Amino acid sequence: MTTQAFPVRIEWMKAPPAKAATPLSAAALELATRLASSLPDRETLRHILATQQPDEIEVIRQAAEKALLKNCGDTVRLRGLIEFSNRCISDCYYCGIRRSNRALARYTLKLAEIVDTARWCGEQGYGSVVLQSGERRDAKFTRFISAAVRAIKEQTRSPELPDGVGITLCVGEQSPETYAEWFAAGAHRYLLRMETSSPELFTRLHPATQTYASRINCLKILKTLGYRVGTGVMIGLPGQTLDDLVDDLFFFRDISADMIGMGPYIPHEQAVLPYMEAGAAMPDVATRLQLALRMIAATRLLLPGINIAATTALQTLSEDGREQGLRFGANVIMPQATPLRVRRQYTLYDGKPCLDDSAGQCATCLEGRINSVGRRILRDNWGDSERR
Ligand code: 5AD
């Protein structure tokens, strides 16, 4: 690949965007007017990702925040994240729990522990949980998920949530029958990231057995079955261009995503992208963080009513990364609820935060962080987006 996607090292990005104390430039004023009057077109989206002008960045952030408050209100919706198994049959080249990583002890939590954790999340008022794991398709696994979903539904009923907590599954590509079985068991949301909407880039990130067509097909089946579907991409992948990212935004729209979870790409020691050895350049940390924030804002402006997560990967690149995500238009956070004893074994990328904080500590810390940016937690509610 010859495209130098991010040729400039952008130093100012290390500082938080300056408050626009000085009068706005003509370009920033024009941008503010454009963002206020219509949905962004391709050129505007590209500019949202590319601009390095602090006053324009603040205009973009404020427009995204305004669109969020108008369409979704000021609440942040929580989904307690339960990483219940790191066993995986897939071999995504970027991922720390890929099958070929032999340096990792594998675990699967017992059903009772998963259900207890979900119940704890419900008691905290989280309203929803995400069951996430590596990918498996054997019958033992698929039946285990059905049983877990049913048990969580039964055991998290409360006066506030008569149907129990909302359940999102994030367990990869499955057959239509399996997806249908889990939906019938009570899971109503599914998170399956596309990782990139570029077929070429997708191919470079995965072995030949994992195809772009199959991933798209799964997303379509999930939609047809009635799931609320979340998808998303990694941002700042080596060789990824700004145009690839703009394509990702239109992909979110065209697939009718209900939720977007995306974050910066973060290398993992045991999961080196093979094509990087051929010299593909990766944007530096500050640039990847800024790109991820701009992608959140661009998604919010293009799809104003959708749920968007401020992901853990943001916090990995900057201590206040998730708060920044909220300020740029995100409205979902997934507090870490995975039992401490196994948390280190679920390292998708290096430097994952909160490895030593108990779920209780995560809950307390999170509320302060959310309030610090003028938002409040939506408690005891599944927190779905409005159907479009
Ligand atoms: N950097 C950033 N995100 C990653 N994921 C996996 N590996 C990495 C990485 N190295 C993300 C993928 C996957 C989700 C569960 O974690 O997007 O869909």
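These exercises walk through parts of a predicted model, each with a worked solution.

**Exercise 1. The ligand site**

Task: find which residues are around the ligand, and which polar atoms of Arg-193, Glu-195 and Ile-266 lie by it.

Solution.
- Step 1. List the surroundings. The residues around the ligand are Tyr-94, Cys-95, Arg-193, Glu-195, Met-234, Pro-264, Tyr-265, Ile-266, Leu-348 and Tyr-349.
- Step 2. Check the ligand's oxygen atoms. A polar side-chain atom of Arg-193 is 2.7 Å from an oxygen atom of the ligand. For Glu-195, a polar side-chain atom lies 2.5 Å from an oxygen atom of the ligand.
- Step 3. Check the nitrogen. Here the partner is a polar backbone atom of Ile-266, 2.7 Å from a nitrogen atom of the ligand.
- Step 4. Look at the cover. The ligand taken alone exposes 410 Å², and the protein buries 88% of that.

**Exercise 2. Glu-195 and Arg-215**

Task: place Glu-195 and Arg-215, and decide whether each is buried or exposed.

Solution.
- Step 1. Locate Glu-195. It sits in the loop between strand S5 (189-191) and helix H7 (199-205).
- Step 2. Read its backbone. Phi of Glu-195 is near 75°, a positive value in a residue other than glycine.
- Step 3. Apply the cut-off. Buried means under 20% relative accessible area. Glu-195 has 11%, so it is buried.
- Step 4. Turn to Arg-215. This residue belongs to helix H8 (residues 212-225). Its relative accessible area is 5%, so Arg-215 is buried too.
- Step 5. Link the two. Setting aside residues up to four places away in sequence, Arg-215 touches Glu-173, Leu-192, Arg-193, Met-194, Glu-195 and Phe-202. Among them, Arg-193 and Glu-195 are also around the ligand.

**Exercise 3. Helix H14**

Task: test the span of helix H14 (residues 359-372), then say where its buried residues fall.

Solution.
- Step 1. Work out the expected span. At 1.5 Å a residue, the 14 residues of H14 should span 20 Å.
- Step 2. Compare. The end C-alpha atoms are 20 Å apart, which agrees.
- Step 3. Pick out the buried residues. In H14 these are Ala-359, Cys-362, Ala-363, Leu-366, Arg-369 and Ile-370.
- Step 4. Look down the axis. The buried residues fall within an arc of 135°, so they line one face of H14.
- Step 5. Look at the other side. There Thr-364 and Ser-372 are exposed.
- Step 6. Go past the end. Gly-374 follows H14, and its phi is positive, near 75°.

**Exercise 4. Two residues of helix H5**

Task: describe Ala-139 and Thr-142, and find what the side chain of Thr-142 reaches.

Solution.
- Step 1. Start with Ala-139. It is in helix H5 (residues 139-155). At a relative accessible area of 42%, Ala-139 is partly exposed.
- Step 2. Move to Thr-142, also in helix H5. Its relative accessibility is 8%, so Thr-142 counts as buried.
- Step 3. Follow the side chain. The side chain of Thr-142 reaches the backbone oxygen of Ala-139 at 3.2 Å.
- Step 4. Add the contacts. Beyond neighbours within four places in sequence, Thr-142 is in contact with Arg-137, Gln-174, Thr-178, Glu-181 and Trp-182.

**Exercise 5. Sequence and space**

Task: find how many Å separate the C-alpha atoms of Val-272 and Cys-95.

Solution.
- Step 1. Place Val-272. It lies in the loop between strand S8 (259-264) and helix H10 (285-302). At 43% relative accessibility, Val-272 counts as partly exposed.
- Step 2. Take the pair. Val-272 and Cys-95 are 177 residues apart along the chain, and their C-alpha atoms are separated by 8.5 Å.
- Step 3. Set another pair beside it. Ala-139 and Arg-42 are 97 residues apart in sequence and 44 Å apart in space, C-alpha to C-alpha.

Terms used
Residues are numbered from 1 along each chain as its sequence is written. This is a predicted model: local features need pLDDT of at least 70, side-chain atom pairs count only at pLDDT 80 or more; totals for chains, interfaces and linings use all residues. Side-chain values use heavy atoms; hydrogens and water are left out. Helices (H or I, at least four residues) and strands (E, at least two) are DSSP runs, numbered from the N terminus. Buried means under 20% relative accessible area, exposed over 50%, partly exposed in between (1.4 Å probe, protein chains only). Contact means heavy atoms within 4.5 Å. The expected span of a helix is 1.5 Å times one less than its number of residues. The arc is that of the directions from the helix axis to the C-beta atoms. A residue is near a molecule or strand if one of its heavy atoms lies within 4 Å of it. A polar contact is a pair of N or O atoms within 3.5 Å; within protein, one must be able to donate a hydrogen and the other to accept it, and residues adjacent in sequence count only if both atoms are side-chain atoms. Accessible areas come from the Shrake-Rupley method with a 1.4 Å probe; for residues, only the protein chains shown count as cover.
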